[in-house]
Amino acid sequence: MSILRTIIIFAVDFALFLFGLYLNNGDRGNIWTIIAAVGAIPGALSVVYIIMYIRVPGMKREEYETIREHTKGLRVLYELYFTSYEKNMFVDATIICGDYVTCYTSTHPSQQDLAFMEKHIRKHVLQDGYKV
């Protein structure tokens, strides 16, 4: 579905661009070029979603069901991808209970990666006023 949406978005943008060229005798300096350029932003975002979907495998259905059973009434964010200058980290689930945040990952990172992930998330969560 995402690939089809991306193709449609870029096809419409390209059609708008060509329409503007046709109306203005080949001159790109028209409002249709601006509309096509701004319309390419959702297409570019869709391409990023596709790349992330291909790059990071989703969590298993059994893990999702287990987490869902234990977190009734809590705010849960699934399949988050954290980025920093040093590393990129995938977290299957982040559970928020009041002022506390807990994360779960099934990727079995090394202890060093786990410590880095914890430090990175702790830093940003504390900046937002939560307790870790």
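Visitor: Where does His-120 lie?

Guide: His-120 belongs to helix α4, which covers residues 111-127. Bear in mind that this is a predicted model.

Visitor: Why is His-120 called buried?

Guide: The label "buried" needs a relative accessible area under 20%. His-120 comes out at 13%, so it earns the name.

Visitor: And what does His-120 touch, leaving out residues up to four places away in sequence?

Guide: Phe-82, Thr-83, Ser-84 and Met-89. To count as a contact, heavy atoms have to be within 4.5 Å.

Visitor: On to the strands. What makes the sheet here, and in which order do its strands come?

Guide: There are 3 strands, in the order β1-β2-β3, paired antiparallel in an open sheet. β1 (75-83) and β3 (100-104) are the edge strands: each has a single partner, so one side of each has no neighbour in the sheet. On average, neighbouring strands are turned by 35° against each other, direction ignored.

Visitor: How do you know that β2 and β3 are paired?

Guide: Two strands pair if there are at least two bridges between them. β2 (residues 88-97) and β3 are joined by 5 bridges and run antiparallel, so they pass that test. As one example, Ile-96 stands opposite Val-101 in β3. For another, take Ile-95, whose bridge partner in β3 is Thr-102.

Visitor: What about β1 and β2: how many bridges join them?

Guide: 8 bridges, again with the strands running antiparallel. Set that against the minimum of two bridges, and they count as a pair as well. One of the matches puts Val-76 with Ile-95 in β2. The two strands form a hairpin with 4 residues between them.

Visitor: What is there to say about Gly-98 in the other hairpin, the one of β2 and β3?

Guide: That hairpin has 2 residues between its strands, and Gly-98 takes a positive phi near 65°.

Visitor: Which helix packs on the sheet?

Guide: α4 does, touching β1, β2 and β3, and its direction makes about 50° with that of β2.

Visitor: What makes you say that β2 is largely enclosed?

Guide: We count its residues: 8 of the 10 in β2 are buried, so the rest of the structure largely encloses this strand. Asp-92 sits in β2, and it is buried because its relative accessible area is 1%, with the cut-off at under 20%. Among the residues that Asp-92 touches are Met-59, Leu-77, Tyr-78 and Tyr-104.

Visitor: What makes the phi of Glu-79 worth a look?

Guide: Most residues other than glycine have a negative phi. Glu-79 isn't a glycine, yet its phi is positive, near 55°. You'll find Glu-79 in strand β1.

Visitor: Why is Glu-79 called partly exposed, and Asn-25 exposed?

Guide: Over 50% is exposed, and between 20% and 50% is partly exposed. Glu-79 has 40%, so it falls in between. Asn-25 has 75%, so it goes over the upper limit. Asn-25 lies in the loop between α1 (2-23) and α2, and its phi is positive too, near 55°.

Visitor: How do you know that Lys-87 and Asp-113 form a salt bridge?

Guide: The rule wants a side-chain nitrogen of Lys or Arg within 4 Å of a carboxyl oxygen of Asp or Glu. For Lys-87 and Asp-113, the closest N and O atoms are 2.3 Å apart, so this pair meets the rule. Lys-87 is in the loop between β1 and β2, and Asp-113 is in helix α4, so the bridge ties together parts 26 residues apart in sequence.

Visitor: How many salt bridges does the structure hold?

Guide: It holds 4. Another one is Glu-118 with Arg-122, at 2.7 Å between the closest N and O atoms. They are 4 residues apart in helix α4, about one helical turn. Arg-68 and Glu-65 form one at 3.3 Å, and both lie in helix α3 (residues 61-70). Those two are also linked with Arg-61 in a network of salt bridges.

Visitor: One more: what makes the nonpolar surface patch, and why does Ile-41 qualify?

Guide: Ile-31, Ile-34, Ile-35, Val-38 and Ile-41 make it, and it covers about 480 Å². Patch residues need over 30% relative accessible area. Ile-41, in helix α2 (residues 31-55), has 56%, so it clears that bar and also counts as exposed.

Conventions. Residues numbered from 1 in each chain as written. Predicted model: local features only at pLDDT ≥ 70, side-chain atom pairs only at ≥ 80, totals over all residues. Heavy atoms only, no water. Patch = residues over 30% accessible without salt bridge, like charges linked within 9 Å, V, L, I, M, F, W, Y side chains within 5 Å. Areas by Shrake-Rupley, 256 points an atom, 1.4 Å probe, with all protein chains shown as cover. Buried < 20%, exposed > 50% of the residue type's maximum accessible area, 1.4 Å probe, protein only. Axes fitted to C-alpha atoms, helices over the stretch in contact; angles between N-to-C directions.
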